[in-house]
Amino acid sequence: MINQVRHPIWISSAKRPTARVFAILFGIESMARAIITSVVPIQTYDLLQSERSVSILYTIMSMLGLIVTLSIPLLIVRIPRRWVYTAGAVSLMLGCGAFALDTVPGQAAGLFLRTFGAGTLSITLSLYIMDHIKRGELVRAESVRMATATVAWTAGPFLGVFLYSTIGMIAPFLLSIGFSLLLLTLFWYFRLSDNPALQKGPSRAANPIANVRRFIAQPRLRLAWLIAFSRSCYWSTFFVYGPILMVATGQGKLAGGLLVSLGNLFLLGSILWGKVGMAKGLMRTISGVFLLLATALAGAGLAGETHPMIAAIMLLAGAFFCVALDTLASTTFIRAVHPHERAQMTSVYRTYLDFSELLPAFFYSIILTFFGLGAIFIALGTLMVFTAIVVWRYLPRGL
């Protein structure tokens, strides 16, 4: 995807926003973030030397990130969407510069900038997708988008930790900055624009509190948020505490990066999961996957620090199931949101990412005061069972 070839496959699509265009942008953005995904928690653990302290820092910065995410629609209604997207890419680069300082204040600033950058990129790209991809093509388009990101999330985490451990602390951050620059270049080359046909009609107030109230008033949006929140809780736990488990039990930093990379390798199955979702229905597939995910987490929790490699295998099994949710979960939101309030509702929906870093980190800081790392996986498995029951009960069978 990122190699220079004589005739890049995307040249013929450069002038029209197809599913392939969005997949390319998402893939490069994923690479920019994936390279430092395992590096950041390991670096934070090296600085703080405590799993509980890592959880506290993540909790504080996630709270600030949540406030920023809810305010993004205020930017979108005042600033052209392309400039908001640009600001997100620039924030990723500034965040890497803050991480490269290798200090606790720099770590805090980097986490905040990374949250803001990921939030703006996610919301604006989602709006572009909803503008230009037909509802009947969403499941296929999302599976292609996730499959395109496979290379990034498979190679990136291990590559980042390898550079961090062998070449130097700054190396992975420089490489991440390079991919962010490539993302900006391609974004402006594709010349994405809002769909004029969807800019008409009444619009909702951009006030964050009003947006939250409007979102909560719609049961299908609440359910879509719960699904996305629960699966994101798994990934935030996997990305942060998977590498920490490997380091804390003496398996090494490279083992932590390898664990995350192997977990993301299952993104190759996104197209398969997309077909399963279309054949079996979203309700049956999503609820069943949550139960399987809970089983894998229970196994990881019971193995814990006593048998770290068994715990790692169970976490990898969970990653395989979670890919199904990555492929299918966003469809429940896209099919439920009204076109005239997409920007406002997308910003509220996107808070699942901030809450999935905030709430688990907060509760883990309490759990880790009394128990070992295995306990947090069992606690997370309980959430998965709850979500499976809610999905089975309330998600429309004909969706």
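Guide: Before we start, one cut-off: a residue counts as exposed when its relative accessible area is over 50%, and as buried when that area is under 20%. Also, this is a predicted model.

Visitor: Okay. So is Arg-393 buried or exposed?

Guide: Arg-393 is exposed, because its relative accessible area of 55% falls over the 50% cut-off.

Visitor: And where does Arg-393 sit?

Guide: Look at helix 17, residues 374-394. Arg-393 is part of that helix.

Visitor: Which residues gather with Arg-393 in a patch of positive charge?

Guide: Lys-280, Arg-284 and Arg-397 join Arg-393 there, and the patch is on the surface.

Visitor: Switching to salt bridges. How many are there?

Guide: The count comes to three. Side chains of opposite charge can pair when their charged atoms come close.

Visitor: Start with Glu-29. Which residue does it bridge to?

Guide: Glu-29 pairs with Arg-33, with 3.3 Å between the closest N and O atoms. Both sit in helix 1 (residues 19-34), and being four residues apart they are separated by about one helical turn.

Visitor: Are those two buried or exposed?

Guide: Glu-29 is buried at a relative accessible area of 3%, and Arg-33 is buried too, at 17%.

Visitor: What about Lys-253, what does that one pair with?

Guide: Lys-253 forms a salt bridge with Asp-46, and the closest N and O atoms are 3.0 Å apart. Lys-253 belongs to helix 11 (residues 253-265) and Asp-46 to helix 2, so this pair ties together parts that are 207 residues apart in sequence.

Visitor: How accessible are they?

Guide: Lys-253 counts as partly exposed at 30% relative accessibility. Asp-46 is also partly exposed, with 26%.

Visitor: And which residue meets Arg-231?

Guide: That's Asp-326, in a salt bridge of 2.8 Å from N to O. Arg-231 lies in helix 10 (residues 219-248) and Asp-326 in helix 14 (residues 308-334), so parts that are 95 residues apart in sequence are tied together by the pair. Arg-231 is buried with a relative accessible area of 11%, and Asp-326 counts as buried at 8%.

Visitor: New topic: aromatics. How many pairs does the structure hold?

Guide: There are 19 aromatic pairs. One of them is Phe-333 with Tyr-349, which is stacked: 4.0 Å centre to centre, with 10 degrees between the planes.

Visitor: Where do Phe-333 and Tyr-349 lie?

Guide: Phe-333 is in helix 14 and Tyr-349 in helix 15 (residues 342-349), so the pair ties together parts that are 16 residues apart in sequence. Phe-333 counts as buried at 2% relative accessibility. Tyr-349 is buried as well, with a relative accessible area of 6%.

Visitor: Which residues form an aromatic cluster?

Guide: Trp-83, Tyr-85, Tyr-128, Phe-187 and Trp-188 form one.

Visitor: Last thing, backbone. What's the phi of Gln-49?

Guide: Phi of Gln-49 is near 60 degrees, a positive value in a residue other than glycine. You'll find Gln-49 in the loop between helix 2 (39-48) and helix 3 (51-76). Gln-49 is exposed, with a relative accessible area of 54%.

Visitor: And Asp-102, what's its phi?

Guide: Asp-102 has a positive phi of about 60 degrees, although it is not a glycine. Asp-102 is in the loop between helix 4 (81-99) and helix 5 (104-132), and counts as partly exposed at 32% relative accessibility.

Note on methods: Residues are numbered from 1 along each chain as its sequence is written. This is a predicted model: local features need pLDDT of at least 70, side-chain atom pairs count only at pLDDT 80 or more; totals for chains, interfaces and linings use all residues. Side-chain values use heavy atoms; hydrogens and water are left out. Patches are made of residues with over 30% relative accessible area and no salt bridge: like charges are joined within 9 Å, nonpolar side chains (Val, Leu, Ile, Met, Phe, Trp, Tyr) within 5 Å. Accessible areas come from the Shrake-Rupley method with a 1.4 Å probe; for residues, only the protein chains shown count as cover. A salt bridge is a side-chain nitrogen of Lys or Arg within 4 Å of a carboxyl oxygen of Asp or Glu. Lys and Arg count as positive and Asp and Glu as negative; His and the chain ends are not counted. The place of a charge is taken as NZ of Lys, CZ of Arg, CG of Asp or CD of Glu. Helices (H or I, at least four residues) and strands (E, at least two) are DSSP runs, numbered from the N terminus. Buried means under 20% relative accessible area, exposed over 50%, partly exposed in between (1.4 Å probe, protein chains only). Rings of Phe, Tyr and Trp (its six-membered ring) pair if their centres lie within 6.5 Å; planes under 30 degrees apart count as stacked, over 60 as edge-to-face and the rest as tilted.
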